[in-house]
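Reader: I'd like a close look at one part of this fold, the way one helix sits against another, and then whatever lies around it. Could you walk me through it in one go?

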Amino acid sequence: VKDYTTTIDLLTGPGGELADPTELPAAKLGRGRALRSMGKITPEQFKQASSDYQISLRLSSREDWDTDEEMEQDGVQRNPYAGWEWGMAQRGAGEYQKAAETHTLAAFAFKDIGDRARSVIAELDAG
């Protein structure tokens with residue numbers, strides 16, 4: 001987690017705009033995954049992971065949409081696995097309604113790529 005945090009600090013600090021634009025979303029996704037993989041984590045760590053997933057998905061959107069929500073939806077469509085993980089982080093942070101909405105988006109995205117099993121799992125996680 002510390003290495004990802006250092007990377008994020010460097011990418012958001014002076015000169016960070018010179019880096020490859022895919023580096024920040026990748027670092028945010030990496031830190032979110034690293035936090036979730038720690039096992040038992042605090043609600044604050046779940047909130048940090050949720051925020052990291054959200055920003056990563058927003059930044060990985062393929063187009064400039066009008067709202068952050070549209071960019072996040074496009075990010076989930078592009079990477080339903082990260083979308084499902086975001087929903088799990090939201091659930092861990094106690095954001096149950098948001099988690100259900102995110103899992104529903106992931107279920108549709110999994111269905112679109114032909115992954116029926118994960119689509120059903122995401123639908124079950126949505127409640």
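Author: Let's start with α4 and α6, which are oblique to each other. This is a predicted model, and in it the axes of α4 (residues 68-78) and α6 (residues 96-112) come within 8 Å, crossing at roughly 40 degrees. An angle under 35 degrees would count as roughly parallel, and 65 to 115 as roughly perpendicular, so this pair ends up as oblique. As for handedness, α4 and α6 make a right-handed crossing.

Who does the touching? On the α4 side you'll find Q73, V76 and Q77, and across from them in α6 sit L105, A106, A109 and D112. Sorted by class, that contact has four nonpolar residues, two polar ones and one charged one.

Now stay on α4 for a moment. Its buried residues are M71, E72, D74, G75 and V76. Notice V76 in that list; V76 is also one of the α4 residues that meet α6. The cover over the buried part of α4 includes α6, but also α3 (43-59) and α5 (80-92).

A loop residue comes in here too. S61 lies between α3 and α4, in the loop that joins them. With 13% relative accessibility, S61 counts as buried, because the cut-off is under 20%. Leaving aside neighbours within four places in sequence, S61 is in contact with M71, D74 and G75, and those three are among the buried residues of α4. The S61 side chain also has polar partners in its own stretch of chain. One is the backbone oxygen of E63, reached at 3.1 Å. Another is the side chain of W65, with a polar contact at 3.4 Å.

Back to α6, this time with α5 as the partner. Here the axes again come within 8 Å, but they cross at roughly 165 degrees. That makes α5 roughly antiparallel to α6, since anything over 145 degrees falls in that group. The crossing of α5 with α6 is left-handed, whereas that of α4 with α6 is right-handed.

The list of residues here is a long one, so take it helix by helix. From α5 come P80, Y81, G83, W84, W86, G87, M88, Q90 and R91, and from α6 come Y96, K98, A99, T102, H103, A106, A109 and F110. By class, they divide into ten nonpolar, five polar and two charged residues. A106 and A109 deserve a second glance: they meet α5, and they also appear on the α6 side of the contact with α4.

H103 is another α6 residue worth zooming in on. Its relative accessible area is 0%, so H103 is buried. Not counting residues up to four places away in sequence, H103 touches W84, G87, M88 and R91, and also A122, D125 and A126. W84, G87, M88 and R91 are among the α5 residues in the contact with α6. For a sense of how the chain comes back around, H103 and S119 are 16 residues apart in sequence, with their C-alpha atoms 9.0 Å apart in space.

Next, over to the N-terminal helices. The axes of α1 (residues 2-12) and α2 come within 9 Å and cross at roughly 155 degrees. That makes α1 roughly antiparallel to α2, and their crossing is left-handed. On the α1 side, the contact is made by Y4, T5, T7, I8, L11 and T12; on the α2 side, by E23, L24, A27, K28, G30, R31 and A34. These residues divide into six nonpolar, four polar and three charged.

K28 is a good one to follow from there. It is found in α2 (residues 23-36), and K28 is buried, with a relative accessible area of 11%. Apart from neighbours within four places in sequence, K28 is in contact with I8, D52, I55 and S56. I8 belongs to the α1 side of the contact with α2.

Finally, Q48 in α3. Unlike K28, which is buried, Q48 is partly exposed, with a relative accessible area of 33%. Beyond its neighbours within four places in sequence, Q48 is in contact with R31 and L35; R31 is also one of the α2 residues that contact α1. Q48 and K111 are 63 residues apart in sequence and 28 Å apart in space, C-alpha to C-alpha.

Definitions and conventions. Residues are numbered from 1 along each chain as its sequence is written. This is a predicted model: local features need pLDDT of at least 70, side-chain atom pairs count only at pLDDT 80 or more; totals for chains, interfaces and linings use all residues. Side-chain values use heavy atoms; hydrogens and water are left out. Axes are lines fitted to C-alpha atoms, for helices over the stretch in contact, and angles run from 0 to 180 degrees between N-to-C directions. Helices (H or I, at least four residues) and strands (E, at least two) are DSSP runs, numbered from the N terminus. A crossing is left-handed if the near helix is turned anticlockwise from the far one by less than a right angle, and right-handed if clockwise. Contact means heavy atoms within 4.5 Å. Ala, Val, Leu, Ile, Met, Phe, Trp, Tyr, Cys and Pro count as nonpolar, Asp, Glu, Lys and Arg as charged, and the others, Gly among them, as polar. Buried means under 20% relative accessible area, exposed over 50%, partly exposed in between (1.4 Å probe, protein chains only). A polar contact is a pair of N or O atoms within 3.5 Å; within protein, one must be able to donate a hydrogen and the other to accept it, and residues adjacent in sequence count only if both atoms are side-chain atoms.
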